[in-house]
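Hello,

Here is the structure I promised to pass on. Have a look at it first, and then read my notes below.

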Amino acid sequence: MKELLDDLDRWRSAGTRVALARVVDVEGSGPRGPGAAMAVSLKGEVVGSVSGGCVEGAVVTEALSLLHGEREAGMVTFGYSDDEAFAVGLTCGGTIRLFIEEFNW
Amino acid sequence: MTLSNNLAARVRSGDPVALATVIEGEGVGNHLLIIPGADAQGSLGDPDLDRVVHRDGLAELEAGRSGIRTYGPQGQTTPEDLEGTPTVRVFVESWAPPPQMWIFGAVDFTAALARVAKILGYRVLVCDAREIFATGRRFPMADEVRVTWPTPVFDERGETLGPRDAVCILTHDPKFDIPAIAGALATRVGYIGVMGSRTTHERRLERLAEAGIAESQDLDRLMSPIGLDLGARTPEETAISICSEIIANRTGRTASQLRGGSGPIHP
């Protein structure tokens with residue numbers, strides 16, 4: 001998250017709403033470990049990354065739906081381990097779990 | 001100061017801090033900020049849960065680990081206590097201070113090694129007793145350059161070295177190498193690499209024995225000659241060889257080619 005701090009500051013002082021997605025768990029093969037993070041502003045600006053580029057697009061969609069009030073803060077899973085498997089997978093075959101929340105704390 | 005402002009200040013200054021976040025169960029999105037030696041900030045929603053997570057978070061931070069822990073609503077942790085109660089899943093994210101690399105010897109290889117170490121996130125200390133070689137101008141990428149012998153540096157702060165840290169001894173000079181090796185062996189440092197040919201290595205073992213260092217558990221800790229066999233020639237290639245060994249040493253991997261193996265790459 002360190003690499004996000006300057007942008008988070010900038011958005012906060014501009015009053016821009018931001019969603020924060022952090023990797024909290026990686027199963028099997030995964031490119032980035034717990035703590036890898038990305039942030040998405042309401043305007044659709046993106047900083048950081050949570051995988052090797054496999055799921056970032058889908059995270060932006062989740063982030064925007066959070067900021068638009070269409071979903072609550074909570075977990076998002078990418079991969080094929082459970083029945084909740086998303087359409088988007090990781091090329092390396094692993095599963096990553098993200099926690100997504102509004103950065104307003 | 002908001003919780004995230006406090007977090008950002010600690011992360012920027014490289015001071016240890018952990019953030020606990022409820023990710024599933026009652027109170028999703030609640031945060032607790034954990035700072036060694038200070039009161040926690042925020043709450044996960046229950047004072048007993050806060051107390052237990054604070055304790056666990058400090059331990060995770062000490063180990064430099066991040067991960068998910070499961071509790072009962074009041075911080076219960078034993079399986080019997082958790083049976084039949086709704087659980088709260090908490091993600092503890094640790095920001096530990098950067099690992100340290102101490103490089104002894106201000107030689108050609110030192111600048112290249114310091115540069116690669118910086119890319120990997122190390123705080124780099126360069127130490128040499130020769131004033132004309134150990135200068136900040138020659139090693140602008142180092143966080144600190146010390147003109148002194150190894151022993152005072154180890155006496156002063158050897159106890160700050162831990163499993164994530166590395167000591168690289170590049171001097172090839174016994175009167176510098178031997179005290180540096182002895183100093184490093186007296187710490188908990190995770191990696192000790194010593195440069196030199198195989199002949200130098202053999203002679204070094206004799207000198208270490210004369211200095212009273214001959215125990216196999218000590219000598220087993222020495223990566224000497226330093227580095228992986230990449231056929232590295234230049235200082236930059238040698239730096240990659242050394243840093244690759246440090247990574248493999250930490251992860252316990254064999255550093256063989258991935259295409260020759262099977263199973264997951266990140267087990």
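**Around Val50(A)**

Val50(A) is a good place to start: leaving aside residues up to four places away in sequence, Val50(A) touches Ala21(A), Val23(A), Arg32(A), Ala36(A), Ala37(A), Met38(A), Val55(A), Glu56(A), Val59(A), Ile96(A) and Leu98(A). Please keep in mind that this is a predicted model.

Val50(A) belongs to the largest nonpolar core, which has 51 residues; Ala21(A), Leu98(A) and Val90(B) join Val50(A) as those with the most contacts inside this core. The most is given to this core by strand β1 (residues 18–27) of chain A, with 7 residues. Another core, of 43 residues, lies apart from it and includes Val116(B), Cys127(B), Ile169(B) and Leu222(B).

Back to β1(A): 9 of its 10 residues are buried, so this strand is largely enclosed by the rest of the structure. β1(A) pairs with strand β2 (residues 37–41) of chain A in the antiparallel sense over 5 bridges, and there Ala21(A) has Met38(A) as its bridge partner. β1(A) also runs antiparallel to strand β5 (residues 95–102) of chain A, joined by 8 bridges, with Asp25(A) opposite Arg97(A).

Chain B has a helix to show you too. In α1 (residues 3–13) of chain B, Ser4(B), Leu7(B) and Ala8(B) are buried. Seen down the helix axis, the buried residues of α1(B) fall within an arc of 100°, so they line one face. They pack against α1 (5–13) of chain A, along with β1 (17–24) and β2 (31–34) of chain B. Asn5(B) and Ser13(B), on the other side of α1(B), are exposed. Just after this helix, Gly14(B) takes a positive phi of about 75°.

Best wishes

Terms used: Residues numbered from 1 in each chain as written. Chains lettered and ligands numbered in written order. Predicted model: local features only at pLDDT ≥ 70, side-chain atom pairs only at ≥ 80, totals over all residues. Core = buried A, V, L, I, M, F, W, Y, C linked by C-beta atoms within 7 Å. Buried ≥ 20, exposed ≤ 12 C-beta atoms within 10 Å, placed from the backbone. Helix = DSSP H or I, 4+ residues; strand = E, 2+ residues; numbered from the N terminus. Contact = placed C-beta atoms within 7 Å. Pairing = 2+ DSSP bridges. Arc of directions from axis to C-beta.
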